[in-house]
Amino acid sequence: EDHIIICNWTKKSDLLVKELHNPSVEKKRPIIIITENPQDVPDFEEDETYRGIMIVKGNPSHEDSLKRAGIKSAATVIILADEKLADVADTKTIMTAIAIDHITPDIHVVAEILSSSNLPFLDYTFVNEIICLELLTERLLAQSCLTPGVSFIFSDLLTQSSDTNEIYVEDIPTNYIGRTFQELRKDIVSLEEQDIILIGLGSTTEKTGEEGEIIMDHHGNPVKEHVLIINPKAKSKTSSNKFHKDYKLKDGDKVYLIAYNKPNLEVGLA
């Protein structure tokens with residue numbers, strides 16, 4: 001339970017596992033790798049990073065493989081593009097996403113897509129986050145040109161270690177439920193003993209279509225989606241966005257923070 005499932009073993013998998021099980025990560029979740037080629041996974045018996053890792057032999061686009069990996073009780077699924085399939089790797093990723101939807105559409109899914117032309121096909125799935133390296137590379141190059149040095153910021157934030165800043169997602173402190181995001185922001189800024197920057201708000205809402213209709217899953221239940229609002233704007237009379245600075249925090253909401261170490265808001269803001 002509460003484990004991470006990685007679909008397909010690729011050249012990126014080793015670094016991915018080391019990031020997820022880095023010594024600086026406080027909560028190391030077990031990892032299950034679904035792959036048709038388990039022989040490609042190196043034997044890491046002497047590497048502590050690989051403790052708590054299991055392998056399920058099978059095609060991750062098949063429901064039986066996903067069920068054997070315990071997908072119904074997993075925390076997150078990461079679908080890596082199967083590099084052995086070259087140009088048709090995205091097809092397998094999309095098929096895997098559809099299979100996951102059929103079993104448990106509410107699970108958090110992160111999918112890697114190689115070609116931006118295939119992004120529209122994932123609109124028909126409940127994938128939460130899509131990582132398209134083609135687009136990310138283009139945008140990072142452009143931003144580095146417009147704002148020299150910005151690539152170093154991303155590199156720092158995306159490197160898991162005790163010497164770099166990381167992005168943390170934390171529960172709303174109990175005594176801030178019912179209070180506004182702005183109140184929480186001001187109090188976090190005043191913390192002198194913890195080096196924390198509040199960058200955003202996370203919440204859960206019902207997923208809607210283009211015309212505002214609620215989207216239902218295969219079982220007839222409303223599909224819930226996680227939303228992230230970076231630096232919420234001031235409340236506006238002309239905007240229908242409910243996630244503004246004066247939004248009242250509720251149980252289950254999250255805050256996104258930048259810090260060197262995992263923050264302890266419950267104690268710091270008591």
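**View 1. Ala 86, at 48% relative accessibility, counts as partly exposed.** Some bookkeeping: buried stands for under 20% relative accessible area, exposed for over 50%, and partly exposed for anything in between, with a 1.4 Å probe and protein chains only. What we're looking at is a predicted model, so local features need pLDDT of at least 70 and side-chain atom pairs count only at pLDDT 80 or more, while totals for chains, interfaces and linings use all residues. Residues are numbered from 1 along each chain as its sequence is written, and side-chain values use heavy atoms, with hydrogens and water left out. Ala 86 sits in the loop between β4 and α3 (89–103). Helices (H or I, at least four residues) and strands (E, at least two) are DSSP runs, numbered from the N terminus. Although Ala 86 is not a glycine, its phi is positive, at about 50 degrees.

**View 2. Asn 231 is another non-glycine residue with a positive phi, of about 50 degrees.** Look for Asn 231 in the loop between β9 (224–230) and β10. Asn 231 counts as exposed, with 53% relative accessibility.

**View 3. Tyr 124 is on show in the loop between β5 and β6 (129–132).** At 72% relative accessibility, Tyr 124 counts as exposed. Asp 101 is 23 residues away from Tyr 124 along the chain, and their C-alpha atoms are separated by 9.9 Å.

**View 4. Strand β4 (residues 76–79) runs parallel to β1 (residues 4–7) and to β5 (residues 108–113).** Strands pair if DSSP finds at least two bridges between them. Here, 4 bridges join β1 to β4, and 4 bridges join β4 to β5. To find your way across, start at Ile 5, whose bridge partner in β4 is Val 77. Then take Ile 78, whose bridge partner in β5 is Val 110. In a regular strand, side chains alternate between the two faces of the sheet.

**View 5. Thr 35 is tucked into strand β2 (residues 31–35) and counts as buried, at 4% relative accessibility.** What does Thr 35 contact, leaving aside its neighbours within four places in sequence? The list is Trp 9, Val 41, Ile 55, Val 56, Lys 57 and Gly 58, with contact meaning heavy atoms within 4.5 Å. Zoom out to Asn 165, 130 residues from Thr 35 along the chain, and the C-alpha atoms of the two are separated by 33 Å.

**View 6. Helix α6 (residues 181–189) has buried residues Phe 181, Gln 182, Leu 184 and Ile 188.** These residues lie on the same side of α6, because they cover an arc of only 160 degrees around the axis; the arc is taken from the directions from the helix axis to the C-beta atoms. And what do the buried residues of α6 pack against? The partners are β8 (196–206), β10 (254–259) and α7 (265–268).

**View 7. Ile 196 lies in strand β8 and is buried, with a relative accessible area of 13%.** Not counting residues up to four places away in sequence, Ile 196 touches Ile 188, Leu 191, Leu 257, Ile 258, Ala 259, Pro 263 and Leu 265. One of these, Ile 188, is also among the buried residues of α6. By contrast, Lys 84 is a long haul: Ile 196 and Lys 84 are 112 residues apart in sequence and 42 Å apart in space, C-alpha to C-alpha.

**View 8. Phe 243 and Tyr 247 belong together, in a structure that holds 1 aromatic pair.** Their rings are 5.1 Å centre to centre with 55 degrees between the planes, a tilted arrangement. For rings of Phe, Tyr and Trp (its six-membered ring), a pair has centres within 6.5 Å; planes under 30 degrees apart count as stacked, over 60 as edge-to-face and the rest as tilted. Phe 243 is buried, with a relative accessible area of 7%, and Tyr 247 counts as buried too, at 9% relative accessibility.

**View 9. Arg 179 lies over the face of Tyr 176.** The distance from the ring centre is 4.2 Å. A charge sits over a ring if NZ of Lys or CZ of Arg is within 6 Å of the ring centre and within 35 degrees of the ring normal.

**View 10. Cys 132 stays unbonded, in a structure with 0 disulfides.** Why is there no bond from Cys 132 to Cys 7? The sulfur of Cys 132 is 18 Å from the closest cysteine sulfur, in Cys 7, so the two are too far apart for a bond; a disulfide is a pair of cysteine sulfur atoms within 2.5 Å. Cys 132 is buried, with a relative accessible area of 4%, whereas Cys 145 counts as exposed, at 62% relative accessibility.
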